[in-house]
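Please show me this model. I would like to ask how each label is earned.

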Amino acid sequence: MTAQYQVQDSVAIISLDNPPVNALSHSTRVGIADGMVRALDDAGVRAIVLTGTGNAFSGGGDIPEFGTPKALQEPNLQTIIDTIEASPKPVVAAVHSVAMGGGLELALGCHYRVTVKGTRVALPEVNLGLLPGAGGTQRLPRVVGLETAVNMIVSGKTMMSEELAGTKLFDCFAMDELLWKALKFARDAAAAGAPHPCVRDLNVHHENAEAYLGFVRNTVAASARGYPAPVKCVDAIAASLKPFDQGIKEERDAFLYLLTSPESRALRHAFLAERAASKIADVPVDTLTRNIAKVAVIGAGTMGGGISMSFLNAGIPVTMLEMKADALERRVAAIRRHYENTSKKGKLTQEDIEARIGMLTTTLSYDDIKNADLAIEAAFEDMSVKQAVFRQLDKVMKPGAILASNTSTLDVNKIAEFTTRPKDVVGMHFFSPANVMKLLEVVRGEETAKDVLATVMRLAKKIGKVAVVSGVCDGFIGNRMIEQYSRQAGFLLDEGALPEQVDRAIEKFGFAMGPFRMIDMAGNDISREIRKRRAVEQPAFTYSKTADLLCETGRFGQKVGAGWYDYREDDRRAYPSQQVNDMIIRHTEDLGLTRRKISDEEIVERLVYALVNEGALIVEEGIASKASDIDLVYLSGYGFPRWRGGPMQYADEVGLYNVAQAIRRYAKGYQGKAWQVAPLLQQLVDAGTRFND
Ligand code: 3HC
C-alpha cells in the first residue's frame with residue numbers, strides 16, 4: 001500500500017505516500033480506503049486529516065496505470081469520495097505543493113480544505129485527452145464559480161492557491177506548519193459536530209449559464225480540432241447545473257468514453273515520452289552534472305542569435321563570438337528588435353529587455369570566451385569550418401568546458417577528433433527559430449562523457465527545451481526521417497498529385513504544415529545541397545527530379561517569393577502556382593508515366609509510413625534508444641499532431657501488421673525500391689507487439 005496511517009491526538013492522519021507525486025494508483029487508493037475504514041471504526045478517532053508526503057499532495061490519477069485494468073479497479077476515486085462525504089467524522093484535506101487532477105478532486109470530496117500559499121492547483125486532465133473523472137467538473141464550479149471552473153478545466157491551466165483565496169475552494173490558509181493547522185482545524189470541526197459540509201450540496205450560480213455555456217461550447221468546438229476532450233469538458237461542466245447525481249453520471253460516462261479514445265492514448269503517451277526521454281539507460285540518474293553558468297555561442301547568424309536568446313531568456317549570460325564586428329552588431333540589433341516586438345505584445349517589460357540584453361556580450365576574440373562553461377558552435381555547415389572552430393576551442397577553453405556543435409548533418413565523431421578532448425564534445429542540434437522551437441537533439445558521439453550528456457539534458461530542461469538523445473548518423477533522428485517523407489512527397493508528384501493536394505491531405509491529417517510549404521519555408525536550395533551530397537554518397541538513392549527542376553527556375557521558396565507555391569509581398573500565404581503545376585505534369589510525361597488520381601488516404605499513408613519505417617531502422621540501429629524518443633522528436637520539432645502521439649504511436653494504433661502490409665503494397669508500385677519493410681517492424685509484427693510496448 002502506498003499510503004500511511006497514524007493517529008495523533010484523536011485525529012487520524014492518512015498520508016498518500018507514492019513518490020514522486022503521490023499519484024492515485026490502485027495501491028494508493030486502497031491505502032486511503034483502508035485508512036478511512038480504520039479511522040471510522042476507531043472510536044478514539046474524532047476527525048481525519050488527508051495529506052501527501054514529500055513534494056505533493058497529489059498529482060492525480062496514475063497516468064501509466066491508465067489503459068490497464070487496475071485503473072478502473074475498486075476502490076475508484078469516486079467510491080473513496082463517497083465514503084468521505086458520508087463520514088460522520090470531519091475529513092480535512094491538508095493541501096500543499098501540488099494538487100492536480102484526481103488529487104484536487106480528492107480534496108474537493110473532503111469536508112474542509114486547508115492549504116498554504118504557493119500550492120499549484122489544477123484540473124489538467126484535458127491535456128491528457130481526458131476530463132476530470134471523479135467529480136471535478138461537478139464540484140469545482142460549485143466552489144470557484146462557473147466561469148473560473150470553465151477556464152481551469154477547459155485549458156487545464158495551473159493556478160496558485162492564493163489566486164483562489166476568497167472562493168469556497170479553501171476554508172483556511174495556514175501561514176506555516178500546514179499539518180499542525182489542519183489537525184487543529186479537524187479537532188475544532190469535530191468539536192462543532194456533524195453535519196459537515198459537502199461541496200456536492202452547494203449550487204452553481206450564474207446569471208446566464210445557458211447562453212454563457214453555449215458561447216463557450218461553440219468557441220471551444222471551433223478551436224479543438226482533433227481533440228474531443230475540450231468539448232466534452234464543457235458538456236460535463238454544463239451538467240453541473242443539473243441535480244448532482246445526474247451530473248456526476250454524465251461526467252463519468254464522458255470520462256470512460258475519453259479514457260479509451262485514441263486521442264487520449266496518444267496524449268498520455270506524449271506526456272510519458274517527454275519524461276522518459278531524459279532517462280538514458282547507461283547514464284545513472286545520480287550522475288554528477290557540470291555547472292553551466294556562462295555560455296559562449298560561436299556564430300552570429302540567425303541560428304546563433306536564436307540559441308543565444310534561448311539562454312538569455314533563462315537568465316544564463318552569453319558571449320557571442322564572430323569574425324566580423326558588423327555581423328555582431330547586426331545580430332545584437334536583431335535580438336533587441338525581437339525583444340521589443342515581444343514587449344509590444346505585452347509579454348516582456350522594458351526592464352526584462354534590458355536585463356536580457358545586459359547578459360549578452362560580444363567579442364571577436366576566442367580569448368574572451370575561454371572561461372565559458374559551454375561553447376556552442378553555430379557556424380557554417382562545412383567540415384573545414386567546424387575543424388577551424390573546434391581546433392580553436394580546444395586551444396582556449398578551460399578544462400571541463402563542454403564543446404558543442406549545432407550541426408544538423410555533420411559527423412559529431414569527426415568533429416570531436418579535431419580536439420584533444422573528445423569526451424567533452426557533444427552535438428546540440430537546435431531547430432530554427434532556436435528561441436521558439438522546443439526540440440533539441442542531443443547528439444551523443446562515441447566518446448561523449450556520461451556527465452556531459454547528463455549536463456546537457458538537464459540544461460535543456462532549464463532553457464525550456466524538449467531534449468532527445470540521438471546517436472551519430474546522417475540527419476540524426478528528425479532529418480533522416482524527413483528525407484524519406486519528402487522523398488515520397490516528390491514521387492507522389494511524379495505519379496499524379498500536385499503540391500497543394502499533398503499538403504492539404506497531410507494537414508487534414510493534422511500536421512502543422514505540408515511538405516511543400518515546409519520546404520518553401522526552409523529553402524529549396526538547402527534541400528538541393530542535401531540531394532547533391534546524397535548523389536555522391538549513395539548514387540543508387542532515387543528521388544523525384546521535380547525539386548531540381550524547380551531550383552533550375554530559381555524558385556528557392558518563400559525568401560524569393562516563389563517556390564512550390566507563389567507568394568505575395570503583402571501576405572505569407574502559399575498560392576498554387578500554374579507554372580509549377582505545368583512543370584510537374586510535363587515531368588510525368590517525360591518519365592513516360594500516365595498521371596493517376598491519388599487518394600488523400602494514400603498520400604497520408606505514404607508520407608507517414610515512410611517516417612515509421614525509417615524510424616524503425618533508427619531504433620534498430622540504436623540511433624534512438626526507444627520509439628517514444630522518435631515520437632517526441634516529431635511532436636516537438638516537426639509539427640506532427642500531438643493527438644496522434646507521433647509516428648510510431650500512430651503506427652501502433654493503426655496496427656503494425658497493417659502498416660507492413662501497406663509498405664509491401666507500395667513496394668510494388670512506382671519507385672517501389674524505396675520501400676523495404678524495416679526488419680524491426682517485421683519482428684514486431686511477427687511477435688504481435690508494438691513499438692511503444
Ligand atoms: N501519474 C503518474 N506519474 C506522474 C504523474 C501522474 N499523474 N504526474 C507526474 N508524474 C511523474 C512523472 O512521470 C515524473 O516521473 P519520473 O520522475 O519518473 O520522470 C515525475 O512524476 C515528476 O514529474 P515532472 O517531471 O513533470 O515534474 P514537475 O515537478 O515538473 O511537475 C507535476 C510535477 C506538476 C505534477 C507534473 O508532473 C504534472 O503536470 N503531472 C500531470 C498531472 C496530471 O495531469 N494529473 C491528472 C491525471 S489524470 C486524473 O487525475 C484523472 C482523474 O480525474 C480521475
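**Labels and their cut-offs**

Q: How much helix and strand does the chain have over residues 318-345, and how far apart are the end C-alpha atoms?
A: Over residues 318-345 the chain is 71% helix and 14% strand. The end C-alpha atoms are 25 Å apart. Helices (H or I, at least four residues) and strands (E, at least two) are DSSP runs, numbered from the N terminus. This is a predicted model, where local features need pLDDT of at least 70 and side-chain atom pairs count only at pLDDT 80 or more, while totals for chains, interfaces and linings use all residues. Residues are numbered from 1 along each chain as its sequence is written, and side-chain values use heavy atoms, with hydrogens and water left out.

Q: What name does UniProt give to residues 318-345?
A: The unreviewed UniProt entry lists them as "coiled-coil region". Such annotations may be inferred rather than shown by experiment.

Q: Where does UniProt place "domain: 3-hydroxyacyl-CoA dehydrogenase NAD binding", and what is the chain like there?
A: The unreviewed entry places it at residues 294-470. Over residues 294-470 the chain is 42% helix and 20% strand.

Q: Where does UniProt place "domain: 3-hydroxyacyl-CoA dehydrogenase C-terminal"?
A: The unreviewed entry gives residues 475-567 and 603-688. Residues 475-567 are 65% helix and 2% strand. Residues 603-688 are 67% helix and 0% strand.

Q: Which residues are closest to the ligand, and what makes a residue count as near?
A: A residue is near if one of its heavy atoms lies within 4 Å of the molecule. On the ligand, 25 residues surround it, and the closest are G61, G102, E105, E125 and K279.

Q: What makes the pair between K279 and the ligand a polar contact?
A: A polar contact is a pair of N or O atoms within 3.5 Å (within protein, one must be able to donate a hydrogen and the other to accept it, and residues adjacent in sequence count only if both atoms are side-chain atoms). A polar side-chain atom of K279 lies 2.5 Å from an oxygen atom of the ligand, so the pair qualifies. For a polar side-chain atom of E125 the distance to a ligand oxygen is 2.6 Å. G102 uses a polar backbone atom, 2.8 Å from a ligand oxygen.

Q: How much of the ligand does the protein bury?
A: Alone, the ligand exposes 990 Å², and the protein buries 75% of that. Accessible areas come from the Shrake-Rupley method with a 1.4 Å probe.

Q: Which helices and strands each supply at least two residues of the shell around the ligand?
A: β5 (98-100), α3 (102-109) and α10 (262-276) do.

Q: Where are the cis peptide bonds of P20 and P195?
A: One joins P19 and P20, with omega about 5°. P20 lies in the loop between β2 (11-16) and α1 (26-41). Another joins A194 and P195, with omega about -5°. P195 is in the loop between α6 (178-192) and α7 (209-223).
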